[in-house]
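This report follows a single structure from one residue to its ligand site, its surface and its charged pairs. Please keep the sequence and the model in view while reading.

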Amino acid sequence: MKNRIYLDHAATTPVSRAVLDAMLPFFSECPGNASAVYATGREARKAVEQARRETAAAIGAQPAEILFTGSGSESDNLAVKGTAFALKEKGRHIITTSIEHPAVLNTCRWLETQGFEVTYVSPDREGRIDPESVRGAIRGDTVLISVMAANNEIGTIEPVEEIGRIAREKGIVFHTDAVQAVGAIPADVNRWNADLLSLSAHKFNGPKGAGALYVRKGTRIDPLISGGHQERGLRAGTENVPAIVGLGKAVTETVREQQKNAERTAALRDRLTEGILSSVPDAFLNGSKTGRLPNNCSIRFSRIDGEALLLRLDLAGIAASSGSACTAGSQEISHVLRAIGLSEEEAKGSLRMTAGPENTEQEIDETVRTVKEIVEDLRSMFRG
Ligand SMILES: *Cc1c(COP(=O)(O)O)cnc(C)c1O
C-alpha cells in the first residue's frame, strides 16, 4: 500500500507522542476521581488544575475562567444556550453569522424554536464579516454576539478584535468559536475582547472529546448538564482526567510552536494552492488570499463534482474534504460556500485541503499532480 497523505487537519489531527505520554498514567496508574480525598484522587485533581492553568495561559485567561467540556461543539452549545438562558429576562435577541460551524448555527436555529430571535450576519465574498454589519444588527434586546475567530471551511480569519470591541462598548456578551484559531494564529481573550471562547483539543494534536470554554469572570451562563458540583457547577460529570491532561499538554505545545508551525504550514499551503491554480485550468481559490488560516487551501473547480474528486483522491491515498467534515457524505451543499455567493454548482466543485506541520513538500507535489490528473480525467468523462 502506497503512503497515505493526510490533508484534513481542519477535521482532526493525530495525538502527539508527548500528549499521549502525558495522558497514559491517568487511565491506569492514577485512576482517582478528581473529587476524591485520597491520594490518587488528589493526584488527579492536581493534574486537572495544572491543565486548567496551561489552558488559561495559552489564551491569556485566568485559570478560574476555564471550564472543561466534552468537545468544541459542547463549548459552543454551553456558550450560546448558557448565555441565552441566563439572560432571557434581559433580552432574547442573538447576533451570529451565516458561516458559523453547525455547533453554533444549529444551536441558534434551535433557540429560535424556543422564543429567541437570531440575526445571521452575512460575510463578503471572501468570507469576512464586517464589524459594522454586526454593529448595525444590534438591538436594545441583544444579549449575545457570537462570531467565529476563523472559518473551518474556507479559512477566513474574522476581525474578532473589532467585533469584540463593539460588543464591549454596547455591554453585550461576546462569544467566539476559536476552535480553528487556537494554535493556528495567536489567540488572546483580552485582545479579542472575548467574554466566552470555545476551543477543542483534537484540532491541535490533543485527544478527541476534550474541549474547553473560557468564561470571563463575571459573565453569567446557565449550565446545560446538571448534577454534581464539577466545573463550578457549570458542567456536572466526573472529570475526564486523561482527556483534560491531554488538552492541557496539547494547548501548551501548540501555542509554543504556533509561529514555527504557521510558517511551515503556510509555505506548504502556498505551494499546494499555487501548484494547483497554475496547473489546473478553471480552478479558483475560495476565501481570502491574505487573511486566511496558515493551513487552509480551499479551491473550487468548474465542471467538477467535489464528491467524485474526493473519492478518487481517497483511492489515491489522499485524505481531503469537500468543505467540512460535518457536511461530507451528506450531499448537503456547504452553507459557507453558499454564503460567500457561490452558486450550487460552484459550491459542489469545491475541495478543502488543510496541511499540518508533519506534511512534506514531496507530499504536496504529489497531491498537486494527483489533483491535476483526476480533474482532467473527470472533466474528460463529462465532456460527452
Ligand atoms: C471542529 C470544530 C468545532 C467542533 O469541535 P468538536 O470538538 O469536533 O466538537 C466547532 N467549531 C469549529 C470552527 C470547528 O472547526
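## A buried histidine

In this predicted model, H175 has a relative accessible area of 0%, and because buried means under 20% the residue counts as buried. H175 belongs to strand β6, which covers residues 173–177, and the side chain of H175 makes a polar contact with the side chain of S146 at a distance of 2.8 Å.

## The ligand and its surroundings

The ligand is surrounded by 13 residues, and the closest of these are S73, D177, Q180, S200 and K203. Sorted by class, the shell holds 8 polar residues, 3 charged residues and 2 nonpolar residues. Helix α3, which runs over residues 72–86, supplies the largest share of this shell, with 3 residues.

Which distances separate polar side-chain atoms from oxygen atoms of the ligand? For S200, an N or O atom of the side chain is 2.6 Å from an oxygen atom of the ligand, while for Q180 a polar side-chain atom lies 2.7 Å from a ligand oxygen, and for K203 the corresponding distance from a side-chain N or O atom to an oxygen of the ligand is 2.8 Å. The ligand taken alone would expose 380 Å², and the protein buries 90% of that area.

## A nonpolar patch on the surface

On the surface, V15, L20, L24 and F27 form a nonpolar patch, and together these residues have about 330 Å² of accessible area. One of them, F27, lies in the loop that connects α1 (17–23) with α2 (39–58). F27 has a relative accessible area of 52%, which means that this residue counts as exposed, the cut-off being over 50%.

## Salt bridges within and between elements

Side chains of opposite charge can pair when their charged atoms come close. The count of salt bridges in this model comes to 24, and three of the pairs are described here, beginning with one inside a helix. R45 and E49 meet through their side chains in a salt bridge with an N to O distance of 2.6 Å. These two residues are 4 residues apart in helix α2, so about one helical turn separates them. R45 is partly exposed at 26% relative accessibility, and E49 is likewise partly exposed, with a relative accessible area of 24%.

A second pair consists of R235 and E74, whose closest N and O atoms are 2.7 Å apart in a salt bridge. Because R235 lies in the loop between β8 (211–215) and α7 (241–256) whereas E74 lies in helix α3, the pair ties together parts that are 161 residues apart in sequence. R235 counts as buried at 18% relative accessibility, and E74 is also buried, with a relative accessible area of 18%.

## A link between two helices, and a network

The side chains of D365 and R271 form a further salt bridge, with 2.8 Å from N to O. D365 is located in helix α12 (residues 361–382) and R271 in helix α8 (residues 258–279), so this pair ties together parts that are 94 residues apart in sequence. D365 is partly exposed, with a relative accessible area of 27%, and R271 is partly exposed as well, with a value of 34%.

Some salt bridges share partners, and in this way R45, E49, R52, E231 and E239 are joined into one network. The pair R45 and E49 described above therefore belongs to this network, and the two residues are set about one helical turn apart in helix α2.

Notes
Residues are numbered from 1 along each chain as its sequence is written. This is a predicted model: local features need pLDDT of at least 70, side-chain atom pairs count only at pLDDT 80 or more; totals for chains, interfaces and linings use all residues. Side-chain values use heavy atoms; hydrogens and water are left out. A residue is near a molecule or strand if one of its heavy atoms lies within 4 Å of it. A polar contact is a pair of N or O atoms within 3.5 Å; within protein, one must be able to donate a hydrogen and the other to accept it, and residues adjacent in sequence count only if both atoms are side-chain atoms. Accessible areas come from the Shrake-Rupley method with a 1.4 Å probe; for residues, only the protein chains shown count as cover. Ala, Val, Leu, Ile, Met, Phe, Trp, Tyr, Cys and Pro count as nonpolar, Asp, Glu, Lys and Arg as charged, and the others, Gly among them, as polar. Patches are made of residues with over 30% relative accessible area and no salt bridge: like charges are joined within 9 Å, nonpolar side chains (Val, Leu, Ile, Met, Phe, Trp, Tyr) within 5 Å. A salt bridge is a side-chain nitrogen of Lys or Arg within 4 Å of a carboxyl oxygen of Asp or Glu. Buried means under 20% relative accessible area, exposed over 50%, partly exposed in between (1.4 Å probe, protein chains only).
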